[in-house]
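Biologist: I should like to learn how to read a structural model. May we look at one together, beginning with the surroundings of its ligand?

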Amino acid sequence: MSRVEKHNPLKDGALSRKRDMMGVDTGKAEIRELTFDTVKRDALQFGLATDVMFQMNAGKEASIFLAVWKEHPIILKAYRLWQTSHHLSKSKGFVPVGTSKRTHCILGMAENYAVVEYDLLMNCFRAGVHVPTPIGRVGNYLTMRFIGDGKEPAPQLKDVTLLSPEKVLDQVLDDYFIMYTQVHYVHGDLSKYNILWWQERPWIIDVPQGYKVDTHCDMDMAVFLLGRDIMNVLSYFETYGIYRDPEVTMRRFIGAYTPKNIESYDLTELSEML
Ligand SMILES: Nc1ncnc2c1ncn2[C@@H]1O[C@H](COP(=O)(O)OP(=O)(O)O)[C@@H](O)[C@H]1O
Ligand SMILES: [Mg+2]
């Protein structure tokens with residue numbers, strides 16, 4: 001058997017051989033590509049949805065489906081168990097290809113992403129940030145509230161014309177301020193693409209690359225990500241002729257919360273960063 005054939009993830013025989021070879025506990029997660037039928041079967045079996053309608057989008061790590069719970073539309077997010085090798089570099093802390101540990105890492109990672117996203121959504125929701133309410137999670141799947149009407153998701157901020165942009169900017173920054181100061185996370189990918197416009201207000205989505213700002217964090221990284229998010233948001237609103245100083249906004253955030261062990265974080269280089 002050729003190497004390619006042996007590792008073809010779509011080939012059932014290769015899959016079960018690989019699973020056996022790796023000694024993966026088949027009672028837990030299985031190694032499979034995310035086909036629509038697999039996702040639907042799992043979601044129904046796990047009690048996460050009563051039906052899965054169609055795939056809405058396929059991102060790098062996860063695919064998003066429109067599903068229903070009874071008559072209510074919901075979002076089903078499925079984290080992929082297979083990743084291409086460049087996502088699994090040694091530098092990210094994963095062991096090299098061809099060892100059973102690696103397989104466990106992949107399974108663990110997919111589930112871990114779903115756990116992180118579910119918990120972060122829940123903590124944001126409880127703190128009052130306008131995010132899709134998380135509903136359930138099993139293994140590498142999670143469900144959340146569908147933001148939109150019928151089968152039509154709410155438009156991204158980039159696709160709407162705002163009547164009161166100044167107010168919307170305040171709403172976005174107020175939500176992000178709660179996320180940073182109370183949930184202690186930076187979003188990491190906040191932009192006009194990951195903010196939906198629904199029921200006359202902005203909703204923050206796509207949180208899985210959030211970075212936890214705590215006593216163990218790399219504060220330079222947190223500040224970098226926070227700065228990038230704030231710049232993205234402010235530059236979108238500049239298209240409406242609204243100008244706010246990113247440095248002032250950053251200082252307001254960081255002044256309101258820094259982890260206990262880095263309270264004296266040096267902000268002198270902030271203006272060069274922005
Ligand atoms: N909770 C949700 N309600 C409605 N639509 C959603 C929801 N989550 C995601 N979407 C839709 O899927 C698109 C992609 O979702 P996102 O979480 O940004 O994933 P990614 O950017 O990683 O592909 C969004 O722009 C939006 O159209
Ligand atoms: Mg997105």
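Modeller: Certainly. Please keep in mind that this is a predicted model. One may begin by sorting the residues around a ligand by class. Here the shell around ligand 1 has nine nonpolar, five polar and two charged residues.

Biologist: Which residues come nearest to ligand 1?

Modeller: The shell holds 16 residues, of which Gly 59, Pro 132, Ile 147, Pro 153 and Asp 206 come nearest. At least two residues of the shell are supplied by strand 1 (51–58), and at least two by strand 5 (141–145).

Biologist: Where does ligand 1 lie with respect to domain 1 and domain 2?

Modeller: One asks which domains give residues to the shell. Domain 1 (3–148) and domain 2 (154–273) both do, so ligand 1 lies between them.

Biologist: How should I read the nonpolar core?

Modeller: One looks for the residues with the most contacts inside it. The largest nonpolar core has 58 residues, and those with the most contacts inside it are Ala 43, Ala 67, Leu 76, Ala 78, Val 131 and Leu 226. Helix 6 (residues 219–238) gives the most to this core, namely eight residues. Both domain 1 and domain 2 contribute residues, so this core lies between them.

Biologist: Why does Ala 67 count as buried?

Modeller: A residue is buried if 20 or more other C-beta atoms lie within 10 Å of its own. Ala 67 counts as buried because it has 26 C-beta neighbours inside 10 Å. Ala 67 is found in strand 2. Beyond residues up to four places away in sequence, Ala 67 touches Ala 43, Ala 49, Asp 51, Val 52, Met 53, Ile 74, Leu 76 and Thr 143. Ala 67 and Ala 49 are 18 residues apart along the chain, yet their C-alpha atoms are separated by 6.4 Å.

Biologist: How does one find the buried side of a helix?

Modeller: An α-helix has 3.6 residues a turn, so residues three or four places apart point the same way. In helix 3 (residues 36–45), the buried residues include Val 39, Asp 42 and Ala 43. These three cover an arc of only 100 degrees around the axis, which puts them on the same side of helix 3. The face turned away from that buried side carries the exposed residues Asp 37, Arg 41 and Gln 45.

Biologist: What covers the buried residues of helix 3?

Modeller: The cover includes strand 1, strand 2 (62–69), strand 3 (72–79) and strand 5. After helix 3 comes Gly 47, whose phi is positive, near 70 degrees.

Notes: Residues are numbered from 1 along each chain as its sequence is written. Chains are lettered from A and ligands numbered from 1 in the order in which they are written. This is a predicted model: local features need pLDDT of at least 70, side-chain atom pairs count only at pLDDT 80 or more; totals for chains, interfaces and linings use all residues. A residue is near a molecule or strand if its C-beta atom, placed from the backbone, lies within 6 Å of it. Helices (H or I, at least four residues) and strands (E, at least two) are DSSP runs, numbered from the N terminus. Ala, Val, Leu, Ile, Met, Phe, Trp, Tyr, Cys and Pro count as nonpolar, Asp, Glu, Lys and Arg as charged, and the others, Gly among them, as polar. Domain bounds come from an automatic or database domain assignment. A nonpolar core is a set of buried Ala, Val, Leu, Ile, Met, Phe, Trp, Tyr and Cys residues joined through C-beta atoms within 7 Å. A residue is buried if 20 or more other C-beta atoms lie within 10 Å of its own, exposed if 12 or fewer, and partly exposed in between; C-beta atoms are placed from the backbone. The arc is that of the directions from the helix axis to the C-beta atoms. Two residues are in contact if their C-beta atoms, placed from the backbone, lie within 7 Å.
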